[in-house]
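Here is a small set of exercises to work through with the model open in your viewer. Try each task yourself before reading the solution.

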Amino acid sequence: MSEHVKTSMDVTSWDEKTISKSGQTKITRTSMGQSCTGDVEGTSASELVMYYQEGGTATIVGFLTIDGSIGDRAGTVVLQSIGGFDGSEATADLTVVEGSGTGGLSGITGTGSSVAPSGPTAFVELDLEFPS
């Protein structure tokens, strides 16, 4: 069964540490907590690696673990995130990590995207497939 979902993810915690630095560029590792509201209700814990480039842009890769519910299905699921920051907003392509769903989210697959204008909220849209 297919489902298109939209959710807002608000940052609740942010811990960023520099791994390496060279001139105007650096690589950081960030642990981030978020609360999810909308079609997805719950919390998210993210681990991100960011490469900051000259000029204020960045490339961002990582994983988000969502613990919550989508409709009447509750469980956890992990999303792979690949994206960047263009100086004004962060965007990412999201993919459900195969086999990561638990509980009512077991067997879930799908893809989507996120947009986070400067500020604490990301807007996420996912096209999900649930087993019959």
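**Exercise 1. Find the salt-bridge partner of Lys 17, then place each side chain on the scale from buried to exposed.**

Step 1. Lys 17 has a relative accessibility of 49%, so Lys 17 counts as partly exposed; the scale calls a residue buried under 20% relative accessible area, exposed over 50% and partly exposed in between, with a 1.4 Å probe and protein chains only.

Step 2. The side chain of Lys 17 meets that of Asp 15 in a salt bridge at 2.8 Å, N to O. The criterion is a side-chain nitrogen of Lys or Arg within 4 Å of a carboxyl oxygen of Asp or Glu.

Step 3. Asp 15 is partly exposed too, at 38% relative accessible area.

Before you go on, a note on the source: this is a predicted model, in which local features need pLDDT of at least 70 and side-chain atom pairs count only at pLDDT 80 or more, while totals for chains, interfaces and linings use all residues. Residues are numbered from 1 along each chain as its sequence is written, and side-chain values use heavy atoms, with hydrogens and water left out.

**Exercise 2. How many salt bridges does the structure hold, and which strands do Arg 29 and Glu 47 lie in?**

Step 1. The count for the structure is three salt bridges.

Step 2. One of them joins Arg 29 to Glu 47, with the closest N and O atoms 2.9 Å apart. Arg 29 sits in strand β2 and Glu 47 in strand β3, so this pair ties together parts that are 18 residues apart in sequence. Strands here are DSSP runs of E with at least two residues, numbered from the N terminus.

Step 3. Arg 29 is partly exposed at 44%, and Glu 47 is partly exposed at 35%.

Step 4. Another salt bridge is formed by the side chains of Glu 3 and Arg 73, at 3.2 Å from N to O. Because Glu 3 belongs to strand β1 and Arg 73 to strand β5, the pair links parts that are 70 residues apart in sequence.

Step 5. Glu 3 is partly exposed, with 26% relative accessible area, whereas Arg 73 is buried at 16%.

**Exercise 3. Which backbone atom does the side chain of Asp 39 reach, and where is Asp 39 found?**

Step 1. Asp 39 is in the loop between β2 and β3, and at 38% relative accessibility Asp 39 counts as partly exposed.

Step 2. Its side chain reaches the backbone nitrogen of Lys 6 at 2.8 Å.

Step 3. Leaving out residues up to four places away in sequence, the residues that Asp 39 touches include Thr 7, Ser 69 and Gly 71; contact means heavy atoms within 4.5 Å.

Step 4. Now follow the contact to Thr 7, which is in strand β1 (residues 2-22). Thr 7 is buried, with a relative accessible area of 7%, and its side chain reaches the backbone oxygen of Val 40 at 3.0 Å.

**Exercise 4. What is the volume of the largest cavity, and which residues line it?**

Step 1. The structure holds one cavity of 30 Å³ or more. On a 1 Å grid over the protein atoms alone, a cavity is a set of points where a 1.4 Å probe fits but cannot get out, and lining residues have an atom within 4 Å of a point.

Step 2. The largest cavity contains about 60 Å³ of space, a volume being the space filled by probe spheres set on grid points that are joined across faces, edges and corners.

Step 3. Among its lining residues are Val 40, Ile 66, Val 77, Leu 105 and Leu 128. Strand β4 gives the largest share, four residues.

Step 4. Sorted by class, the lining has ten nonpolar, two polar and no charged residues. Ala, Val, Leu, Ile, Met, Phe, Trp, Tyr, Cys and Pro count as nonpolar, Asp, Glu, Lys and Arg as charged, and the others, Gly among them, as polar.

Notes: A polar contact is a pair of N or O atoms within 3.5 Å; within protein, one must be able to donate a hydrogen and the other to accept it, and residues adjacent in sequence count only if both atoms are side-chain atoms. On a 1 Å grid over the protein atoms alone, a cavity is a set of points where a 1.4 Å probe fits but cannot get out, and a pocket is an open set with protein on both sides within 12 Å along at least five of seven lines; lining residues have an atom within 4 Å of a point.
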